[in-house]
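Here is a short set of exercises to work through with the structure open beside you. Try each task before reading its solution.

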Amino acid sequence: MDKPAVSPWMPVIRKLERRHPLSPVDREALAALPMTVREVKAATYLVREGDQPEHCCILLSGYAHRHKLTKEGSRQIVSIHMAGDMIDLQQVLLSRADHNVQTLTRATVGTVATDCLKNLALARPQIAEAFWRDTLIDASIFREWVLNVGRREAPARIAHLLCEFGTRSEGAGLSDCGRFELPMTQEQLADATGMTPVHVNRTLQYLGAQGLIERKMRSINVVDWQNLKRVAGFQDNYLHEETAASQATGRAPIAQPATG
């Protein structure tokens with residue numbers, strides 16, 4: 001007997017439910033939305049600044065990054081995205097894209113008509129709140145990235161990016177938080193942290209020499225997680241991953257003691 005087909009919506013539903021509880025009916029309503037799925041190569045543009053998209057892109061596998069370009073062509077990467085992320089959910093309400101989204105790796109991408117998402121949100125308040133919360137958490141992450149680039153020293157910038165990527169990757173079920181593949185070149189890390197590729201390389205070497213990480217090509221093994229967080233000044237509250245669990249139980253999450 002053939003196994004039942006798994007809905008391509010499952011990575012999205014899992015992510016939304018980590019942030020906001022959904023009923024079985026809500027999950028079924030999301031899974032019933034028509035989605036076109038395609039495989040794309042690394043460096044494929046999913047969104048270009050100035051586009052007037054009629055579809056929302058959803059990352060089903062692989063990694064992508066969001067970036068802006070100066071008029072001279074310099075790039076600033078402003079976020080990293082992984083499986084389950086609704087990359088341009090804002091286009092449900094905004095008519096024109098104000099940034100670019102490009103894949104970091106080979107990826108599986110789903111596209112859904114923005115009208116379908118908007119109508120579903122209007123019909124099902126819990127889904128609307130889940131979408132709203134998702135965009136608010138994206139904004140929270142953007143604020144942390146502004147702080148990272150603007151005010152942290154080089155070791156803290158790189159350490160913070162590694163801490164966030166490891167935490168989010170583990171939350172998405174993609175890796176063990178202490179060991180993961182970082183799908184970024186040193187040039188891309190430089191564009192994400194406001195550094196030069198040479199400075200990125202020296203900083204990674206420094207973190208390794210301090211016994212915080214081990215690195216082989218793009219494979220990262222966090223040897224001393226607590227001290228890496230201390231160097232980064234990393235507190236994961238801006239990721240708001242505890243929200244759905246606390247709402248489901250009706251209790252506030254238990255505060256974790258500060259480390260470092």
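Two strands pair if DSSP finds at least two bridges between them. Keep that in mind for the first task, and remember throughout that this is a predicted model.

**Exercise 1. A hairpin**

Task: Find out in which sense strands E4 and E5 pair, and over how many bridges.

Solution:
- Step 1. Locate E4 at residues 64-69 and E5 at residues 75-81.
- Step 2. Their pairing is antiparallel and runs over 6 bridges.
- Step 3. To check the register, take His 65, whose bridge partner in E5 is Ile 80.
- Step 4. Now look at the turn: the hairpin has 5 residues between its strands, and Gly 73 has a positive phi near 100 degrees.

**Exercise 2. The sheet with E1, E7 and E3**

Task: Work out the strand order of the open sheet that contains E1, and name its edge strands.

Solution:
- Step 1. As a reminder, strands of a sheet pair through backbone hydrogen bonds, either parallel or antiparallel.
- Step 2. This open sheet has 3 strands in the order E1-E7-E3, with antiparallel pairing.
- Step 3. E1 (36-40) and E3 (55-61) are the edge strands, as each pairs on one side only.
- Step 4. On average, neighbouring strands here are turned by 30 degrees against each other, direction ignored.
- Step 5. Between E3 and E7 (residues 107-113) there are 6 bridges, and Leu 59 stands opposite Val 109 in E7.
- Step 6. Add the helix: H3 (residues 114-123) lies across E3 and E7, at about 65 degrees to E7.

**Exercise 3. The sheet with E8, E10 and E9**

Task: Explain why one side of E8 and one side of E9 are left without a neighbour in the sheet.

Solution:
- Step 1. Write down the order, which is E8-E10-E9 in an open sheet of 3 strands with antiparallel pairing.
- Step 2. E8 and E9 are at the edges and have a single partner strand each, so one side of each lacks a neighbour in the sheet.
- Step 3. Neighbouring strands of this sheet are turned by 15 degrees against each other on average, direction ignored.
- Step 4. E9 and E10 are joined over 4 bridges in the antiparallel sense, and Glu 214 stands opposite Asn 221 in E10.
- Step 5. Asn 221 has a relative accessible area of 15%; since buried means under 20%, that residue counts as buried.
- Step 6. Beyond its neighbours within four places in sequence, Asn 221 contacts Gly 178, Arg 179, Leu 212, Ile 213 and Glu 214.

**Exercise 4. Helices against this sheet**

Task: Determine what the buried residues of H8 pack against.

Solution:
- Step 1. The buried residues of H8 (residues 225-232) are Leu 228, Lys 229 and Ala 232.
- Step 2. They cover an arc of only 100 degrees around the axis, which puts them on the same side of H8.
- Step 3. A general point helps here: an α-helix has 3.6 residues a turn, so residues three or four places apart point the same way.
- Step 4. The buried residues of H8 pack against H5, strand E9 (213-216) and strand E10 (219-222).
- Step 5. H5 itself lies across E8, E9 and E10, running at about 95 degrees to E8.
- Step 6. Just after H8, Gly 233 takes a positive phi of about 65 degrees.

**Exercise 5. Aromatic pairs**

Task: Classify the ring pair of Phe 165 and Phe 180, and say which parts of the chain the pair ties together.

Solution:
- Step 1. Rings pair if their centres lie within 6.5 Å, and by this rule there are 3 aromatic pairs.
- Step 2. The ring centres of Phe 165 and Phe 180 are 5.5 Å apart and the planes stand at 45 degrees, so this pair is tilted.
- Step 3. Phe 165 belongs to helix H5 (residues 154-171) and Phe 180 to strand E8 (residues 179-181), so the pair ties together parts 15 residues apart in sequence.
- Step 4. Both Phe 165 and Phe 180 are buried.
- Step 5. For contrast, Phe 234 and Tyr 238 form an edge-to-face pair, 6.0 Å centre to centre with 85 degrees between the planes.
- Step 6. Finally, Tyr 63, Phe 165 and Phe 180 form one aromatic cluster.

Terms used. Residues are numbered from 1 along each chain as its sequence is written. This is a predicted model: local features need pLDDT of at least 70, side-chain atom pairs count only at pLDDT 80 or more; totals for chains, interfaces and linings use all residues. Side-chain values use heavy atoms; hydrogens and water are left out. Rings of Phe, Tyr and Trp (its six-membered ring) pair if their centres lie within 6.5 Å; planes under 30 degrees apart count as stacked, over 60 as edge-to-face and the rest as tilted. Helices (H or I, at least four residues) and strands (E, at least two) are DSSP runs, numbered from the N terminus. Buried means under 20% relative accessible area, exposed over 50%, partly exposed in between (1.4 Å probe, protein chains only). The arc is that of the directions from the helix axis to the C-beta atoms. Contact means heavy atoms within 4.5 Å. Axes are lines fitted to C-alpha atoms, for helices over the stretch in contact, and angles run from 0 to 180 degrees between N-to-C directions.
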